[in-house]
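Trainee: I am new to this structure and would like a close look at a single part of it. Please take one residue as the starting point and work outward from there.

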Amino acid sequence: MPDQQSDRISKRERYLKRRRFLHAAGAVGGASLLAGCGGSEADTQPTGTAGSPTASTTATETETPEAETETPEETGPSLEERYPGLRILSPEPENAEAAERATYTTLVTPLEELYIRNHYPTPEIDEADWSVSLTGLVDEEVDLSMEELKNGFPTETVFHVMQCSGNGRSYFQPQVGGNQWTFGAVGNAEWTGTPLSAVLERYGADTSDGMWLSAMGGEAPEGEDVFTRSIPMSKVMDDCLLAYEMNGRPLASDHGFPVRLVVPGWYGNNNVKWVNRMHVMDMMVFGEEWEDGDQRTYTHWQQYSYRIIPEQDEAAEQYESVDVYDTYEQMQNPDEIRNAYIFDQLVKSQIGHPGEDSTVTRQPDGSVEVVGVAWAGDQTVDSVEVSDDGGETWGEAEFFRPDLGVFSWRLFRYVWSPEPGEYRLVSRATDSQGRTQPATISSPEEGLRGIQDDMFPWNQDGYIATAYEPHGVNVTVEE
Ligand SMILES: Nc1nc2c(c(=O)[nH]1)N[C@H]1C(S)=C(S)[C@@H](COP(=O)(O)O)O[C@H]1N2
Ligand SMILES: [Mo]
């Protein structure tokens with residue numbers, strides 16, 4: 001129905017316009033954030049509950065748009081309608097990223113602006129029918145209902161940056177296949193659920209170092225590879241959650257309802273949605289035991305996909321087990337692991353304001369405030385610098401707004417005092433180990449496996465683009 005269609009578009013347009021308006025008025029990312037004024041921000045963030053991690057999830061359920069997504073009807077609202085802050089890459093399977101830079105001026109990303117990355121369509125799941133099994137090296141194998149998972153164990157909350165390892169893929173030259181994400185496949189959210197350590201301890205799992213927990217998604221259609229990720233036991237025991245809430249509300253169906261794995265600080269691909277099976281063993285999913293003839297039923301998403309593969313390699317080298325989990329360290333020591341597994345996130349920053357191709361006027365004192373976010377996986381982000389001359393000279397930004405923990409992003413602001421003219425603004429973050437974002441992405445001919453000479457290695461699947469240059473924004477400063 002054409003009417004309905006135009007209705008949807010205008011709803012989305014209105015949402016984005018409102019975002020822009022708040023920006024112009026300084027309510028998003030501007031001085032009011034500095035003053036710690038939560039009120040105006042909350043306007044654009046109906047589901048944000050940064051200040052109330054234990055907020056009841058039932059009171060307003062029927063009033064919010066995402067409540068509808070939990071019980072999608074056959075003719076339910078479209079993806080566009082449900083997420084007015086997203087740019088749709090594919091409606092099915094659902095893939096969509098934040099449409100506006102303004103998403104990166106907000107401490108907690110609202111549901112409406114959090115990217116969605118699916119390999120298969122979002123499943124319709126009745127929570128009462130769902131369970132999560134635990135098998136392998138355990139004293140007692142179990143199958144836990146959602147009721148048991150939610151009420152039979154402690155509850156914990158973590159702020160974690162969910163980022164697709166393909167974020168920034170569109171900046172690879174020559175282009176690689178797959179969803180052409182720009183800057184929008186990342187968001188910061190509050191995740192609440194059951195610590196996996198409590199579950200594993202109760203059923204006598206072997207939790208010693210060197211063990212792996214493989215988590216499987218329950219949504220793959222018949223005959224497709226099951227979305228499976230193997231997580232090193234030390235990480236699982238440190239801080240991984242079986243999460244059933246995001247931003248104080250039940251998970252939306254597209255984000256894994258009723259339960260997903262949250263691996264704090266690690267790339268999105270490790271955070272298995274719709275988990276229904278967990279298996280403890282002394283290796284990752286690997287080899288024939290986990291394959292089905294020619295089909296890589298359980299190994300595909302662990303061993304073949306999500307690997308750093310330079311131009312010259314035929315395919316990723318497979319390992320039964322590795323003992324270096326730090327992605328950057330793997331990349332820099334290819335003699336040990338030839339093709340890095342994509343585990344923890346590398347340091348990165350993104351400018352949220354001014355937006356892409358924007359025109360700004362200066363404050364009476366001649367300044368323009370630059371606002372953005374920076375994070376560093378399971379490291380602390382130490383500093384952020386901003387440059388308006390292609391990285392020749394840099395100025396130090398400062399952090400503002402509360403620190404929500406090591407896995408959360410920090411908001412930064414930089415007081416810029418430009419002459420009128422046209423600029424390309426870039427930001428560069430450094431983590432607590434002194435690792436800094438490189439300037440550019442290499443060409444395939446360089447054959448790099450790790451970061452070298454200020455270049456991020458071009459790789460066949462276009463993963464982890466952290467280079468600052470392609471992430472910059474073009475800004476015109478008015479007279
Ligand atoms: N079961 C399952 N889990 C999954 C995926 C998937 O396709 N199926 N996609 C993964 C990838 S690649 C990413 S980046 C994140 C995205 O999480 P989000 O859609 O909640 O943002 O989920 C991960 N978990
Ligand atoms: Mo991803």
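Is Asp453 buried or exposed, and what is its relative accessible area?

Mentor: Keep in mind that this is a predicted model. In it, Asp453 is exposed, because its relative accessible area is 62% and the cut-off for that class is over 50%. The residue is found in the loop between strand 22 and strand 23. Those two strands cover residues 440–441 and 455–456.

The backbone of Asp453 also deserves a look. Its phi is positive, at about 50°, although the residue is not a glycine. Most residues other than glycine have a negative phi.

Now the charge around it. Asp453 belongs to a patch of negative charge on the surface, together with Glu311, Glu445, Glu446 and Asp454. One of these partners, Glu446, lies in the loop between strand 22 and strand 23, which is where Asp453 is found too. Glu446 counts as partly exposed, because its relative accessibility is 42% and that class runs between 20% and 50%. A residue needs over 30% relative accessible area to be part of a patch; Glu446 has 42%, and Asp453 has 62%.

For contrast, take Trp274. Like Asp453, Trp274 is not a glycine and has a positive phi of about 50°. Trp274 is found in the loop between strand 12 and strand 13, the latter covering residues 275–281. Its surroundings are another matter: Trp274 counts as buried because its relative accessibility is 1%, whereas Asp453 is exposed.

Two other loops hold a backbone feature of another kind. Most peptide bonds are trans. The bond from Phe257 to Pro258, however, is cis, with omega near 10°. Pro258 has its place in the loop between strand 11 (249–250) and strand 12 (260–262). A cis peptide bond also joins His353 and Pro354, where omega is about 0°. Pro354 is found in the loop that runs between strand 14 (348–353) and strand 15 (358–360).

Last, the setting as a whole. The protein has 10 helices and 24 strands. Of its 479 residues, 60% count as buried, a class to which Trp274 belongs. The accessible surface comes to about 18900 Å², and carbon and sulfur atoms account for 44% of that area. Among contacts in the protein with a separation of 6 or more, 72% are between residues 24 or more positions apart.

Terms used. Residues are numbered from 1 along each chain as its sequence is written. Chains are lettered from A and ligands numbered from 1 in the order in which they are written. This is a predicted model: local features need pLDDT of at least 70, side-chain atom pairs count only at pLDDT 80 or more; totals for chains, interfaces and linings use all residues. Side-chain values use heavy atoms; hydrogens and water are left out. Helices (H or I, at least four residues) and strands (E, at least two) are DSSP runs, numbered from the N terminus. Buried means under 20% relative accessible area, exposed over 50%, partly exposed in between (1.4 Å probe, protein chains only). Contact means heavy atoms within 4.5 Å. Accessible areas come from the Shrake-Rupley method with a 1.4 Å probe; for residues, only the protein chains shown count as cover. Patches are made of residues with over 30% relative accessible area and no salt bridge: like charges are joined within 9 Å, nonpolar side chains (Val, Leu, Ile, Met, Phe, Trp, Tyr) within 5 Å. A salt bridge is a side-chain nitrogen of Lys or Arg within 4 Å of a carboxyl oxygen of Asp or Glu. Lys and Arg count as positive and Asp and Glu as negative; His and the chain ends are not counted. The place of a charge is taken as NZ of Lys, CZ of Arg, CG of Asp or CD of Glu.
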